[in-house]
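Trainee: I should like to practise reading how helices pack against one another. May we work through an example together?

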Amino acid sequence: MKSIYSVSRESLEQYFISKKMPKFRATQVFEGLYKQNVNNLFDIKGLKKEVMVMLNEDFFFNKLDIIDKNEAEDGTIKYLYRLADGSLIETVLMVHNYGYSVCVSTQVGCNMGCAFCASGEVKKIRDLTPDEMLLQVKIINDDLKKQDLRVTNVVIMGIGEPFDNYEHVMEFIKIINDDRALEIGARHITVSTCGISSKIYDFASFPYQVNLAISLHFATNIKRSKYMRINNTYSLESIADALKFYYQKTNRRITFEYIMLNGINDSLEDAEELAKFASKFNCYINLIPYNETDNGLKRSSNEQVRKFFDYLKKKNLNVTRRREQGSDIAAACGQLRVNKLKEEL
Ligand code: SF4
């Protein structure tokens with residue numbers, strides 16, 4: 001049996017075709033799941049009884065339980081969900097002037113081991129399935145709908161490395177983008193990878209106009225390998241080659257994420273290295289204030305961030321400073337989950 005929320009409409013059409021039934025049944029099911037919001041397959045309008053019985057034998061409804069919900073002064077809400085097998089994951093709702101953005105987790109834990117990340121403190125237990133990602137968004141969207149609001153943007157940069165769970169993440173994107181499901185525009189969806197170059201080549205052929213972000217954070221191999229283990233496998237040169245291919249194929253602008261760490265990657269020499277690397281691409285650079293945890297790493301001062309920003313601007317790069325969100329609610333990626341796991345020990 002499969003979770004009904006884990007299949008895209010395309011996959012459901014294939015299911016009906018394999019049962020020698022018309023594929024428009026898939027659209028009826030999607031209308032039922034995401035427009036009527038049913039939680040019982042027998043409640044879907046317009047479906048014949050025999051179809052309902054068949055679906056009920058092959059599919060079930062998965063669910064996530066909210067076990068903690070912390071709201072910051074700026075409106076950011078951090079959700080701690082418990083999955084059916086007891087695992088914990090985090091999802092964050094951020095309020096922007098352009099809409100409501102949800103940051104989705106893709107794995108239980110993460111194996112990438114980035115030194116600055118609370119999620120990397122706990123090794124990957126398993127990949128999330130498409131429905132477990134979808135429900136992170138749907139539950140929040142259902143809440144917003146009560147106030148006539150909706151999720152407008154999805155960023156796939158929570159706990160886990162999306163390209164280490166590639167097939168499930170792509171199926172999830174198809175479902176949230178579907179105009180019969182959550183209707184999140186492809187250009188409002190961003191996937192962020194720490195640099196798994198081999199999957200960047202695959203992603204270049206994904207037929208949706210989804211944005212790509214690279215968690216770069218360091219622009220020399222020596223520093224990057226020291227703080228991001230993945231760089232030993234996929235060096236900056238291999239990322240650069242993959243991005244050139246991606247750009248040739250898609251013509252889409254890339255975003256480089258750069259967390260500002262005091263005394264580690266925030267000098268003007270670091271800015272110069274970053275400018276050298278980034279100027280090869282049509283890109284945005286997003287400077288991110290670091291959410292400190294107890295790992296000893298500190299955020300850069302406002303003054304240092306300003307100097308770094310000004311340097312990149314002078315080099316004519318598209319650079320933005322991400323505003324800090326949810327700092328009063330353990331906002332670092334994975335921090336709430338790690339705190340809860342420590343509590344439960
Ligand atoms: S930054 Fe991302 S890829 Fe690195 S350990 Fe954290 S969740 Fe994993």
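Mentor: The questions below concern two pairs of helices in this predicted model.

Trainee: Is helix 1 roughly parallel, roughly perpendicular or oblique to helix 2?

Mentor: Helix 1 covers residues 9-18 and helix 2 covers residues 24-35; they pack at an angle of about 130 degrees, with their axes 8 Å apart. Angles over 145 degrees count as roughly antiparallel and 65 to 115 as roughly perpendicular, and the rest beyond 35 degrees as oblique. The angle therefore makes helix 1, relative to helix 2, oblique.

Trainee: Which residues of helix 2 meet helix 1?

Mentor: From helix 1, the residues taking part are Arg-9, Leu-12, Glu-13 and Phe-16. By class, this contact has five nonpolar, one polar and three charged residues. On the side of helix 2, the partners are Arg-25, Ala-26, Thr-27, Val-29 and Phe-30.

Trainee: Is the crossing of helix 4 and helix 5 left-handed or right-handed?

Mentor: The axes of helix 4 (residues 130-145) and helix 5 (residues 166-177) come within 8 Å and cross at roughly 40 degrees. That angle makes helix 4 oblique to helix 5. The crossing of the two is right-handed.

Trainee: How many nonpolar residues does the contact of helix 4 with helix 5 have?

Mentor: Helix 4 contributes Pro-130, Met-133, Leu-134 and Val-137. Helix 5 contributes His-168, Glu-171, Phe-172, Ile-175 and Ile-176. By class, the contact has one polar and one charged residue, and the number of nonpolar residues is seven.

Key: Residues are numbered from 1 along each chain as its sequence is written. This is a predicted model: local features need pLDDT of at least 70, side-chain atom pairs count only at pLDDT 80 or more; totals for chains, interfaces and linings use all residues. Axes are lines fitted to C-alpha atoms, for helices over the stretch in contact, and angles run from 0 to 180 degrees between N-to-C directions. Helices (H or I, at least four residues) and strands (E, at least two) are DSSP runs, numbered from the N terminus. Two residues are in contact if their C-beta atoms, placed from the backbone, lie within 7 Å. Ala, Val, Leu, Ile, Met, Phe, Trp, Tyr, Cys and Pro count as nonpolar, Asp, Glu, Lys and Arg as charged, and the others, Gly among them, as polar. A crossing is left-handed if the near helix is turned anticlockwise from the far one by less than a right angle, and right-handed if clockwise.
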